[in-house]
Amino acid sequence: MHTVTVAGASGKTGRHVVEQAAERGWEVRRAGRRDTGGPGRWVPLDWDDPTSWAPAFAGSDAAYVLIPFNHPGAAEATPAVLKAAGAAGVGRIVLLSSWDAAHAADDDPLRVAERALLDQHVHAAVLRPTWFMDNFTHGSFAAMTAEGELRLPCGDGRIPLVDTRDIAAVGVACLAPDGPTGLLPITGPAAVDHHEVAAALAAAAGRAIRYTSVEPEEFIALLEARGFSRAYGQFLADALGEVATGRLVVPVERTVDEVLGRAPHSITEFAAHYSALLRS
Ligand SMILES: NC(=O)c1ccc[n+]([C@@H]2O[C@H](COP(=O)([O-])OP(=O)(O)OC[C@H]3O[C@@H](n4cnc5c(N)ncnc54)[C@H](OP(=O)(O)O)[C@@H]3O)[C@@H](O)[C@H]2O)c1
């Protein structure tokens, strides 16, 4: 049976990869630092523990690997994790990178990790998604959604936000025997501004949720008050600032349509899917 190891199995993309891989009838190994449940069986995998790397991948035909974000040293260790997966006999590896990698310097950890995979003698796919819709339900901005006000330093900037179910579906297509390989930029179906995001979330939640553009410093302080590091807040503020000023324009990509034969989910469809969560 086709066997896949899914790193970050408890995270935003990994949980969908696990579900969709199991739906295909594959044997799934959920890899992470703890067993959070789900289809298949859990295998220990910790970026901080090199002895866990090879056993997490041994016996799998394919693997989904992400870079644990905002975890000290994780990006730098990822090339070695990818090499351990290849050395353990995994013949097909899908790396979750980021749209940012397309414009990053050669020594950026994302680019280094991508090269570490592409240089291996394995079938390799690199997913380069833009910002996730799920940041508003399961990620860094979920608390703002719950409080009814998205306070972001993004002006009227537009981003073709993507639903992680679509990223996972492309990833699972790449994990399949004979699946696509190479660099795969992934976006949603249309560039939306945060007024549209707030309106879609509000309609699904059945309560008021509005967007207010704020100065970067206020945004960073808000994130710090919620327990995120200042460096993480600064990273997000810089990235959103690029969008706000129009210096960064992310084009709508057709990868989801081409790989899956259907359009990616819109922000309205995304919000409707999570209406129970948004109403709770
Ligand atoms: N959010 C966005 O808008 C966006 C956009 C483009 C790209 N990305 C990229 O997406 C990636 C994150 O993916 P995601 O959102 O699916 O994950 P996530 O929701 O951030 O969850 C992180 C996952 O990694 C695991 N993890 C964390 N530290 C670990 C460690 N030291 N060793 C092993 N596993 C560890 C966690 O599992 P346990 O804690 O259970 O071990 C969890 O399953 C990042 O590389 C980010 O750059 C994000």
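Here are a few short exercises on this structure, each with a worked solution.

Keep in mind that this is a predicted model: local features need pLDDT of at least 70, side-chain atom pairs count only at pLDDT 80 or more, and totals for chains, interfaces and linings use all residues. Residues are numbered from 1 along each chain as its sequence is written.

**Exercise 1. Work out how strand S4 is covered and which strands it pairs with**.

Step 1: get the terms straight. Helices (H or I, at least four residues) and strands (E, at least two) are DSSP runs, numbered from the N terminus. A residue is buried if 20 or more other C-beta atoms, placed from the backbone, lie within 10 Å of its own, exposed if 12 or fewer, and partly exposed in between.

Step 2: check burial. S4 covers residues 62–66, and five of its five residues are buried.

Step 3: split S4 by face. Ala62, Tyr64 and Leu66 sit on one side, with Ala63 and Val65 on the other. That fits a general pattern: in a regular strand the side chains alternate between the two faces of the sheet.

Step 4: find the partners. Two strands pair if DSSP finds at least two bridges between them. S1 (residues 3–7) runs parallel to S4, joined by three bridges, and Thr5 stands opposite Ala63. S5 (residues 92–96) also pairs with S4 in the parallel sense, over five bridges; here Leu66 has Leu96 as its bridge partner.

**Exercise 2. Decide whether helix H1 is enclosed or not, and say what its buried residues pack against**.

Step 1: count. H1 (residues 14–23) has seven of its 10 residues buried, so it is largely enclosed by the rest of the structure.

Step 2: name some. The buried residues include Gly14, His16 and Val18.

Step 3: look around. Those buried residues pack against S1, S2 (27–32), S4 and helix H6 (164–175), where contact takes C-beta atoms, placed from the backbone, within 7 Å.

Step 4: go just past the helix. Gly25 takes a positive phi of about 90° there.

**Exercise 3. Is Asp49 buried or exposed?**

Step 1: locate Asp49. It lies in the loop between strand S3 (41–44) and helix H2 (53–57).

Step 2: count neighbours. Asp49 counts as exposed because it has 11 C-beta neighbours inside 10 Å.

Step 3: add a distance. Arg33 is 16 residues away from Asp49 along the chain, and their C-alpha atoms are separated by 9.9 Å.

How values were computed: Contact = placed C-beta atoms within 7 Å.
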